[in-house]
Every structure is written in C-alpha cells, then in structure tokens.
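Thanks for coming. Please have the sequence and the structure open while I talk, and stop me if you lose the place.

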Amino acid sequence: MPVVLLVIVGWLYVAVMMAVAEATNSNGTILGAAVTFVLYGALPVAIVTYIMMTPYRKRAIRAREAAEQAARAGQSGAPDGGGEAAAGPVTPVREEP
C-alpha cells in the first residue's frame, strides 16, 4: 500500500508542476493547464491506481466471502440457530381422575 501512495503522490506532483508551467507560460492558458492536469495527471493516476489496487481488492473480497461462509456454517450447524431465545420447559397437562 505505501508504494501505491508514493506513486500517486509523485505522479500528481509532476502533473501539478506541468500544469503550473503551462498556466504561467506566456503562450499558456488556464484551460490548457486544466487539460494538462487532467490528461497527464488525474486520468493516468486513476488507471494506475485501479490496476495497482487489484490484489488488495481481491484479497478483501476473499476475506469477506470466507467470513460470510463461516457465519452461515456457524448459524445452520448450531442447535436453536434461529437466533430466538429458548422457551421454558413445557409443563405436562394432568388429567384429574
């Protein structure tokens, strides 16, 4: 995870500096700086972040599925697994002679 954050911060820093250079250039515009930041910074960072985070997402999905399976197995295998409180003992009905 720290490598992913380092790549993101470094890439965005370079993209911001490129946008600043575009905006402050005598022939540059603010619109050109915004386009530069989006096309060289935000869009590529989003794609690279998505790709680099794939193993973490897969691991989280597997862990969530395992937890759900364990919850289902523990719930159905236990007696009185319905989650309701057990009722008191039933008293027998006596017939009078």
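Start with Thr36, which sits in helix α2, the stretch covering residues 30-52. One thing to keep in mind from here on: this is a predicted model.

Is Thr36 buried or exposed? Thr36 counts as buried, because its relative accessibility is 12% and the cut-off for buried is under 20%. What does Thr36 touch, if we leave out residues up to four places away in sequence? The list is Met18, Ala19, Glu22 and Gly41.

Now look at Ala15. That residue belongs to helix α1, which spans residues 2-24. Ala15 is 21 residues from Thr36 along the chain, and the C-alpha atoms of the two are separated by 7.5 Å. At a relative accessibility of 1%, Ala15 also falls under the 20% limit, so it counts as buried. Leaving out residues up to four places away in sequence once more, Ala15 touches Phe37, Tyr40 and Gly41. Gly41 therefore appears in the list for Ala15 as well as in the one for Thr36.

Go back to helix α2 for Ala34, which is placed there too. Ala34 has a relative accessible area of 39%. That value lies between the 20% and 50% limits, so Ala34 is called partly exposed. Between the C-alpha atoms of Ala34 and Ala23 there are 8.6 Å, and along the chain these two are 11 residues apart.

Next, the surface. Which residues gather in a patch of positive charge there? They are Arg57, Lys58, Arg59 and Arg62. Take Arg62 from that patch: its place is in helix α3, residues 54-77. Arg62 has a relative accessible area of 55%. Exposed means over 50%, so Arg62 is exposed.

Last, the chain as a whole. How many helices and strands does the chain have? The count is 3 helices and 0 strands. Read from the N terminus, the order of elements is α-α-α. The chain has 97 residues, and 12% of them count as buried. Thr36 and Ala15 are among the buried ones.

Two more values. The chain exposes about 8,000 Å², and 67% of that comes from carbon and sulfur atoms. For contacts with a separation of 6 or more, 51% are between residues 24 or more positions apart.

That is what I have for today. Questions are welcome.

Conventions: Residues numbered from 1 in each chain as written. Predicted model: local features only at pLDDT ≥ 70, side-chain atom pairs only at ≥ 80, totals over all residues. Heavy atoms only, no water. Helix = DSSP H or I, 4+ residues; strand = E, 2+ residues; numbered from the N terminus. Buried < 20%, exposed > 50% of the residue type's maximum accessible area, 1.4 Å probe, protein only. Contact = heavy atoms within 4.5 Å. Areas by Shrake-Rupley, 256 points an atom, 1.4 Å probe, with all protein chains shown as cover. Patch = residues over 30% accessible without salt bridge, like charges linked within 9 Å, V, L, I, M, F, W, Y side chains within 5 Å. Salt bridge = Lys/Arg side-chain N within 4 Å of Asp/Glu carboxyl O. Lys, Arg positive; Asp, Glu negative; His and termini not counted. Charge placed at Lys NZ, Arg CZ, Asp CG, Glu CD.
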